[in-house]
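Here's a friendly walk through a protein model, for anyone meeting it for the first time. Take a look at the sequence and the 3D view, then read on.

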Amino acid sequence: MMKYIFFFVLGCVAISNAQNSISNFKPAPVGGGLEMEGYWVWGSSVIKGEDQLYHMYASRWPKMLPFHPGWMIASEIVHATSKTPEGPYQFKEVALGARGAQYWDGRSCHNPKIVKYKDTYILYYMGSTHPFEEVTKENVNEFDLSSKWCIAGRWGKRVGIAISKSPNGPWKRLDSPILEVKPNSYYSFLTSNPSPLIKEDGSVVLLFKGRSYKKDGITNSDMSIGVATAPSYDGKYTVVGNAPLFSMEHFGEVEDPHLWSDATGYHMIAKDQRGTITGEMGDGLLAHSKNGIDWEIDKTPRAYTKLVQWNNGKTIKQGQLERPFVLVEKGKPTHLFFATMDGPGGFGNGTKTWNMVIPLKEE
């Protein structure tokens, strides 16, 4: 097993077969992370700035819309800061918001991942647009996955970047996505959920989610995870090979991959969408690679479960626990961030969402 992988194995609480395992998770701080009144909050990415503050970028959209698929047409990426990784994080401003239907990312910006190369901050994200009127309280009853807004919003999902010399912005957004769809490929329908890693020489390895058109030419496939490379963050991104890294046919369907590296190689943590790898739908999985292109699932693949131990002594099974993000400082993982939801499970059954954080014990 690779170095630092043990930070995540077996989650927060007891495992199966009546065996108890003390994990390397510390209790999650109640009130840590980011929660915003009046908004659904999701999917954070954190970086430490030269100002010694921790800068979080997260998705939010108004609770007037249903959680799913509200993000598809009205998400914006916000910037919040904290003096500590645990938070709580304080909202500063909207980093990437709506900018007009004529732009590829004009209506929705989602799934942020922040990285830095030399003196430049690069914010990877998913963007989308649609040509229709806004969804309001007056017409929200017409809004669902089969509505015109969602058909266009989902079909238009693409991966792009914004660039700044400061974590506080302003952010320069590109007029075109960096990762387009390709006919007759596993990403012919959309590209989304970027997870970048910039090497010392400036070249990029980028994991992403793709969906393809089915044979009917209308509906879309299950999710696949692919990898693209680029000579630099602002260079041309090229998808490697014709087959995905993860799919229903290979390993299993996963979502929300997060990529990081250390002296031993590349590591991935992701959500096991159907439980075919970890044995439980929605649990986290671990994989590793020597080059970022060819991946193997860890011998002990489970990274976490939905059961979270909080620092008030309670252990709660979260309704949803997604978008894992690993904060690495001085070459070691120190904190694990999640988007989470209350309730019994299912996007339609929660009353609030927030971005939470779990500190990791030192090795």
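What follows covers the cysteines, a helix, the aromatic rings and the pockets.

## Before you start

Keep in mind that this is a predicted model.

## Cysteines without a partner

How many disulfides does the count come to? Zero. A disulfide needs two cysteine sulfur atoms within 2.5 Å. For Cys109, the closest cysteine sulfur belongs to Cys150 and is 16 Å away, so that's too far for a bond. Look at it from the other end and Cys150 has Cys109 as its closest, again at 16 Å and too far.

Are these two cysteines buried or exposed? Cys109 is buried, at a relative accessible area of 0%. Cys150 is buried too, at 1%.

## A mostly covered helix

Helix H1 runs over residues 67–74. Most of this helix is covered, with six of its eight residues buried. The buried ones are Phe67, Pro69, Gly70, Trp71, Met72 and Ile73.

Phe67 turns up again below, among the aromatic rings.

## Rings that pair up

There are 17 aromatic pairs in the structure. One of them joins Trp61 and Phe67: their ring centres are 5.2 Å apart and their planes meet at 45 degrees, so this pair counts as tilted. Trp61 and Phe67 are both buried. They also belong to an aromatic cluster, together with Trp40, Trp42 and Phe347.

Tyr186 and Phe208 make another pair, and this one is stacked, with 6.2 Å from centre to centre and 15 degrees between the planes. Why does this pair tie together parts that are 22 residues apart in sequence? Because Tyr186 sits in the loop between strand E8 (172–173) and strand E9 (190–198), while Phe208 is in strand E10 (residues 204–211). Like the tilted pair, Tyr186 and Phe208 are buried.

## Charges over rings

Some rings have a lysine for company. The charged end of Lys148 sits over Trp149, at 5.1 Å from the centre of that ring. Over the ring of Trp354 you'll find the charged end of Lys352, 4.9 Å from the ring's centre.

## The largest pocket

The largest pocket holds about 880 Å³ of space. It's lined by 28 residues, and those closest to its centre are Val115, Lys116, Leu197, Ile198 and Val328. Which strands each supply at least two residues of this lining? They are E1 (39–48), E5 (108–117), E9, E13 (254–262) and E19 (320–329).

As for what the lining is made of, you get 15 nonpolar residues, six polar and seven charged.

## The second largest pocket

The second largest pocket has a volume of about 490 Å³. Of its 27 lining residues, Glu255, Lys271, Gln273, Glu322 and Phe347 are the closest to the centre. Phe347 is also a member of the aromatic cluster described earlier. Helix H1 comes back here as well: two or more lining residues come from each of H1, E5, E9, E10, E13 and E19.

This lining divides into eight nonpolar residues, eight polar and eleven charged.

Note on methods
Residues numbered from 1 in each chain as written. Predicted model: local features only at pLDDT ≥ 70, side-chain atom pairs only at ≥ 80, totals over all residues. Heavy atoms only, no water. Buried < 20%, exposed > 50% of the residue type's maximum accessible area, 1.4 Å probe, protein only. Helix = DSSP H or I, 4+ residues; strand = E, 2+ residues; numbered from the N terminus. Phe/Tyr/Trp six-rings, centres within 6.5 Å; stacked < 30°, edge-to-face > 60°. Lys NZ or Arg CZ within 6 Å of the ring centre and 35° of its normal. 1 Å grid on protein atoms, 1.4 Å probe; cavity = no way out; pocket = protein on both sides within 12 Å on 5 of 7 lines; lining within 4 Å. Points joined across faces, edges and corners; volume = space filled by probe spheres on them. Nonpolar A, V, L, I, M, F, W, Y, C, P; charged D, E, K, R; others polar.
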